[in-house]
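Q: Please take a close look at one part of this model. Then set that part in its surroundings.

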Amino acid sequence: MAEHILEMREITKLFPGVKALDRVNLEVTKGEIHALVGENGAGKSTLMSVLSGIYPYGSYEGEIHFEGQLCTFRDIKESERKGIVIIHQELALSPYMSIAENIFLGNEQASKGIIDWNMTNEKAKALIQLVGLKESHTTPVKDIGVGKQQLVEIAKALSKDVKLLILDEPTAALNDEDSDHLLNLLMKINKEKGITCIIISHKLNEITKIANQITVIRDGSCIETLDKMQHDISEARIIKGMVGRDLVDRYPKRTPKIGEITFEVNDWTVYDPMDESRKKLDGISFHVKKGEILGIAGLMGSGRTELAMSIFGRAYGKKITGEMIKMGQKIDPKNVQQAIDYGLAYVTEDRKQAGLILIDDIKHNITLSNLKKISKRFVVDENHEKTISETYRTKLNIKSSSIHQQTGNLSGGNQQKVVLSKWIFTEPDVLILDEPTRGIDVGAKYEIYSIIQQMANDGKSIVVISSELPEILGICDRVYVMNEGKIVGEMDRTLASQENIMACILKSMH
Amino acid sequence: MERLKTGFKNNMKQYAMLIALVFIMIMFQILTNGILLKPINVSRLIYQNSYVLILAIGMLLCILTGGNIDLSVGSIVAFVSALSALFSVTFGLPVWLSIILGLLSGLLAGMWQGFWIAYVKIPPFIVTLAGMLLFRGINNIILNGKTVLLPELYTKISSGVVPDVIGDGSGIHVTTVVIGVLSVMVYLFLSHRSRKEKIKFGFEVETKGAYIAKQFVLSFVVILFAYWLSLANGLPIILVILGALIIFYSFLTQKTVVGRHIYAMGGNRKAAELSGIKTKKILFGVYANMGLLAAVAGIVFAGRLNSASPTAGDGFELDAIAACFIGGASATGGIGTVMGAIIGGFIMGILNNGMSIMGISVFWQQIVKGLVLLLAVAFDVYSKSKAKTAS
């Protein structure tokens, strides 16, 4: 029997009115990679916050034993001293400081308060090499991509003599290539350095790949712990534990009724607003038909978001050339309002930063893009607004106390439903969705897919941008592949597969 | 019950400030041996604070767009009062014309700053800091550093009362009471209509008992207030102007599309832009509006002193900003109300007035005001962080 490095016993955590954790037990074996899965709001992050001392000893019930010792952490510093390091989903790096400075942030290599730069740089170089980061230690963190920033975080953790490394959704914002690199690195430091890892992730394929043990949490309770050696740890099996039932199909079935072309973009070229000599999009042409769900696949940074935003009333880009044709007529929306008037809608990639007014309530968010419809002579008819919002709340099954609830307090899936309501309310003909299910749990994803399909069945043209290939393959009727600002492939549903899409991308790189 | 609780929570900040206002009023009423709420002092409070309250309304709109403040309003007050002297005294124009020209100049000053902020994207702090120096300088050039007396008509606006057309001059200003009763009737009619409409749509409304109690208390307070004023000199003209501005800007922020856009922009500028809101136009608009309201305040202030002076409006910007924050506006934008800013302004005003009556030195007054501002915002931050952990 292997030794447990960590035992959390009967952990109960109460928030006013909510039991976030209910007598959760977690045992982590030394030297293993342990995965924590569960739907959003199941209590994974809360459990890790209890462990790392963000919620101090005494604010929860139960006991934590680390390396056989009872832990009474009052803050995150104390848990770090014991060798427990947590890397959050939102990276804690300072953008204008160099990689080396970031690695030793809060742990400066100094004597008597004066920083020893030689030691800092030397140690940083060694760590950079260890994590496989191909950057100079002097590069400011803002100049490297998210994937590399994630590596800096790991280097930072390693610099602290870590024994238990906790990663909260480390690959959520990464493309497949960066994700692979990160996962391989985790396996490497796990094997070579004997560092125990706890990884929280929604990406079940990754978990089945790297984890030895998987603990499933649902509604604040620990449901089961699966061991690779003893149990079946297929994705279907994990999902069953997460949602409490067999989810036969992750994508709802649909028989598409596809009509004539409704929207067309020809020879679309856009330059980078930061550097006007750089082409961001190069001669892109595509079309979408009535009732069709069109997918745009591609790696992160391939220009998909830029394409959507430049189409959507020139919200991105400089020196835009090319033409747009909608229902046989040439259109040229010069700002977002005009784009909305032409019947375009764009659901942003990042709903918190660019989709919602988080401090405002559901009803105000839903009507924001189409206040015209509910107002007379610039005066908003609040009763009409409430009726409309209530309709969407029911129709899209937005789980909330009422339409007066702040959107900042909703779960990711319900926030996304509010954003969708907002854009459906503008009555668009062409709806562009950018990463519509990012950070949303399995159950809510299914609901979002159903909504998207319903809109297509109502005769709207849908464009889905997604980094998750299974999602593209699961719901789209036709797929374009983008790479480095160009369309590098187009395929029908019947021909599309992960291999074909990757092949298009790889071929274009030569 | 749950609904009542959340409803109460949502309005807690606003009620908290109202409760604080009442508490401060009672405290000073006792400390000043009843002088604070004497009719003549109540009307003095209105005269003294009117211009800061007018500025606070404009400032609130700026703050709502994203915590943007305007440091130049004190200087624009001075600038406009100097122009009033220039137009009406030096050029000898009729007063009504020089008032219109004064308002236009304020609007232009606001547009000038709005241009730099919205279209050249210079931070408002910098632009209005420059404006603070710039407009103060222009004031000094116009006045040549001297104080200039203004025609008497200016004084009418800021210190006059509505003529008592009904009364017989027996000491009670009857017109004031009649106006008070009339406005209560209009208010009761409008709120009754909106309640009926809500019931028709099947929305939740407060219980009949609570509704009647609320209406009764409000009507009582307004009529008592009108009666109180009638015991002094009557209804100040400036209160009519202020009331009209409060109603107009409350309506603008709460009920109109533009108002929604202002709040949305302050809540999340990027999301607002991607929802089709023209944030630059709004930013330009609120600063132009601030200039206009600063001009109104400038004319009122000039009238109150009956002169234009080089130091007019000194430090007003800070009083207006403080009023907004005490009244519950968020320092990052998107949260705050016109009524809140007015209540915040009155809290500051009563602190000033009460302490002056008590003979506390100006230096101590500043210390108290500073601490009140700090505590009010600390309370705001505290209640917000508590709400966050609860969710």
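A: The answer starts with a sheet and moves outward to domains, chains, cores and single residues.

This is a predicted model, in which local features need pLDDT of at least 70 and side-chain atom pairs count only at pLDDT 80 or more, while totals for chains, interfaces and linings use all residues. Residues are numbered from 1 along each chain as its sequence is written, and chains are lettered from A and ligands numbered from 1 in the order in which they are written.

In chain A, four strands make up an open sheet with the order 14-13-16-17 and antiparallel pairing. Helices (H or I, at least four residues) and strands (E, at least two) are DSSP runs, numbered from the N terminus; two strands pair if DSSP finds at least two bridges between them. Strand 14 (279-289) and strand 17 (329-331) of chain A are the edges: each has a single partner strand, so one side of each has no neighbour in the sheet. On average, neighbouring strands are turned by 10 degrees against each other, direction ignored. Axes here are lines fitted to C-alpha atoms, for helices over the stretch in contact, and angles run from 0 to 180 degrees between N-to-C directions.

Strand 13 (residues 261-271) of chain A is joined to strand 14 of chain A by seven bridges, and the two run antiparallel. Tyr271(A) has Lys279(A), in strand 14 of chain A, as its bridge partner. Helix 9 (residues 304-311) of chain A packs on this sheet, where it touches strand 13, strand 14 and strand 16 (318-326) of chain A. The direction of helix 9 makes about 70 degrees with that of strand 14 of chain A.

A further antiparallel pair in chain A is formed by strand 23 (residues 478-483) and strand 24 (residues 486-492), over six bridges. Asn483(A) has Lys486(A), in strand 24 of chain A, as its bridge partner. The hairpin of these strands has two residues between them, and Glu484(A) there takes a positive phi near 45 degrees.

Next come the domains. Chain A is assigned domain 1 (4-243), domain 2 (250-343 + 429-510) and domain 3 (353-427), with bounds from an automatic or database domain assignment. The centres of domain 2 and domain 3 of chain A, taken over C-alpha atoms, are separated by 25 Å. Between them, 11 residues of domain 2 of chain A are in contact with 10 residues of domain 3 of chain A; contact means that C-beta atoms, placed from the backbone, lie within 7 Å. On the domain 2 side, helix 15 (residues 442-457) of chain A supplies the largest share, five residues. By class, that side has eight nonpolar, one polar and two charged residues. Ala, Val, Leu, Ile, Met, Phe, Trp, Tyr, Cys and Pro count as nonpolar, Asp, Glu, Lys and Arg as charged, and the others, Gly among them, as polar.

Between the chains, 28 residues of chain A are in contact with 25 residues of chain B. Helix 10 (336-341), helix 11 (351-355), strand 20 (379-380) and helix 13 (382-395) of chain A each give at least two residues to the chain A side. That side of chain A has 16 nonpolar, 10 polar and two charged residues.

Chain B is divided into domain 1 (43-160 + 256-381) and domain 2 (162-235), whose C-alpha centres lie 29 Å apart. In the largest nonpolar core, of 160 residues, Leu55(B), Ala56(B), Met59(B), Leu60(B) and Cys324(B) touch the most other members. Such a core is a set of buried Ala, Val, Leu, Ile, Met, Phe, Trp, Tyr and Cys residues joined through C-beta atoms within 7 Å. Helix 12 (residues 279-305) of chain B gives the most to this core, 17 residues. Beyond its neighbours within four places in sequence, Cys324(B) has contacts that include Ile63(B), Ala329(B) and Gly344(B). A second, separate core has 68 residues, among them Met8(A) and Leu204(A).

Some single residues remain. A residue is buried if 20 or more other C-beta atoms, placed from the backbone, lie within 10 Å of its own, exposed if 12 or fewer, and partly exposed in between. Glu10(A), in strand 1 (residues 4-15) of chain A, has a positive phi near 50 degrees and counts as exposed because it has 12 C-beta neighbours inside 10 Å. Lys121(B), in the loop between helix 4 (95-119) and helix 5 (124-143) of chain B, has a phi near 60 degrees and is exposed, with 9 C-beta neighbours inside 10 Å.

Technical notes:
Two residues are in contact if their C-beta atoms, placed from the backbone, lie within 7 Å.
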